[in-house]
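This report describes the surroundings of a bound ligand and the space it takes up. The sequence and structure come first.

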Amino acid sequence: MDSAYREKRDAFIAAVPKAELHLHIEGSLEPEMMFALAERNGVTLPYASVEEVAAAYRFSNLQEFLDLYYLGMQVLVEEQDFHDLTMAYLERVHRDNVDHVEVFFDPQGHTERGVPFDRVISGILRALADAEDRFGISSKLIMCFLRHLSEEAAFATLAEAEPWLDRIAGVGLDSSEVGHPPEKFARVFAKCRDLGFKLVAHAGEEGPPDYVWQALDTLRIDRIDHGNRALEDEALVERIVRDGYTLTVCPLSNLKLCVIDEIAASPVKTMLERGIKATVNSDDPSYFGGYINDNYRAVANALDMTIEEIAILAANSYEGSFLEPSKILEKRAEIDRLLAMQTAA
Ligand code: HPA
Ligand code: ZN
């Protein structure tokens, strides 16, 4: 692939409309905002400077990251903080031509330290509404349960969410994976399904293929977050392809958390080749060193991907979303038109 092609491909990555389906809003907290909010709220951080923060963000596994992720989110206290955090992310990805986001939030990361659920969700929702007005970005909100906590705690969070149910599109499962299999949350996910929520779960990031099976068969999820280790199990791959599940892959996250040892080992291209609906996402962009287009560029370069493959990833991001079918068709046609223009040029 020559440099002219790579340039054209980078331009396509920048221009193509795309949805982000795997983004923890607390993971978009940039060090500068972390310091500003710490000052505003009188919270003491163990870092002296932005440089010290950057130096601390070296992780050898998921847990090492999670420890700093929960530490960083302690600066989020007021409703305005959650608004500012969310708005900063939306402004940033608007520049990456993201026009639909399905945002995760971790209410238990806040309620556990005394910040009321209502304050968290109202700040996030206010920013999502503002971004729809200002940028035309549509959104869905996904409430995640922390899997290192009990299922009882997840039920308590669901009860707190009661007044907001019509503004929450789905529920997810995140935090420390190994030792906390999906089946631990079978009852609360069954209840969420009865309530009409879309269901997603992190599975197969560090955990074994069996956790992906459990997410599909026991939790009956609609979409798989990460899912890297599904590739170790041929029957599982066949099941994912047959039933058309979307996987939300996060290349820079995988690299930073040592799920892969180089970007060239990202499973994105293999998944596409196997017929899996893979998507590219940023996960926790402030902690992992890149927003969504950085993730697209990283895999495109390392895996020598074609512009057509980039278009498939972008189309998958809408197809795997919880948008209404007519909107998905519209976005698909828009991507096809852009692709036709690029390849004709
Ligand atoms: N995995 C699990 N939990 C998380 C992640 C992740 O990548 N990011 C934020 N919480
Ligand atoms: Zn994640």
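## Polar contacts of the ligand

In this predicted model, the side chain of histidine 226 places an N or O atom 3.3 Å from an oxygen atom of ligand 1. Ligand 1 would expose 260 Å² if taken alone, and the protein buries 100% of that area.

Nitrogen atoms of ligand 1 also have polar partners. For histidine 24, an N or O atom of the side chain is 3.2 Å from a nitrogen atom of the ligand. For serine 175, the partner is a backbone N or O atom, which lies 2.8 Å from a ligand nitrogen.

## Residues around the ligand

The shell around ligand 1 includes the three contact residues His24, Ser175 and His226. The residues Leu62, Phe65, Leu66 and Tyr69 also belong to the shell, as do Asp174, His202, Glu205, Asp283 and Asp284.

By class, the shell around ligand 1 holds four nonpolar, four polar and four charged residues. Helix α4, which spans residues 62–72, supplies four residues, the largest share of this shell.

## The cavity

How many cavities of 30 Å³ or more does a search of the whole structure find? The search finds one. The residues lining the largest cavity number 14, and those closest to its centre are His24, Leu62, Phe65, Leu66 and His202. The volume of the largest cavity is about 90 Å³.

The largest cavity is the space taken by ligand 1. Its lining consists of six nonpolar, four polar and four charged residues. As its largest share, the lining of the largest cavity takes four residues from α4. Helix α4 likewise gives the largest share of the shell around ligand 1.

Note on methods
Residues numbered from 1 in each chain as written. Chains lettered and ligands numbered in written order. Predicted model: local features only at pLDDT ≥ 70, side-chain atom pairs only at ≥ 80, totals over all residues. Heavy atoms only, no water. Near = heavy atom within 4 Å. Polar contact = N/O pair within 3.5 Å; in protein donor to acceptor, adjacent residues only side chain to side chain. Areas by Shrake-Rupley, 256 points an atom, 1.4 Å probe, with all protein chains shown as cover. 1 Å grid on protein atoms, 1.4 Å probe; cavity = no way out; pocket = protein on both sides within 12 Å on 5 of 7 lines; lining within 4 Å. Sits in = over half its atoms within 2 Å of the grid points. Helix = DSSP H or I, 4+ residues; strand = E, 2+ residues; numbered from the N terminus. Nonpolar A, V, L, I, M, F, W, Y, C, P; charged D, E, K, R; others polar. Points joined across faces, edges and corners; volume = space filled by probe spheres on them.
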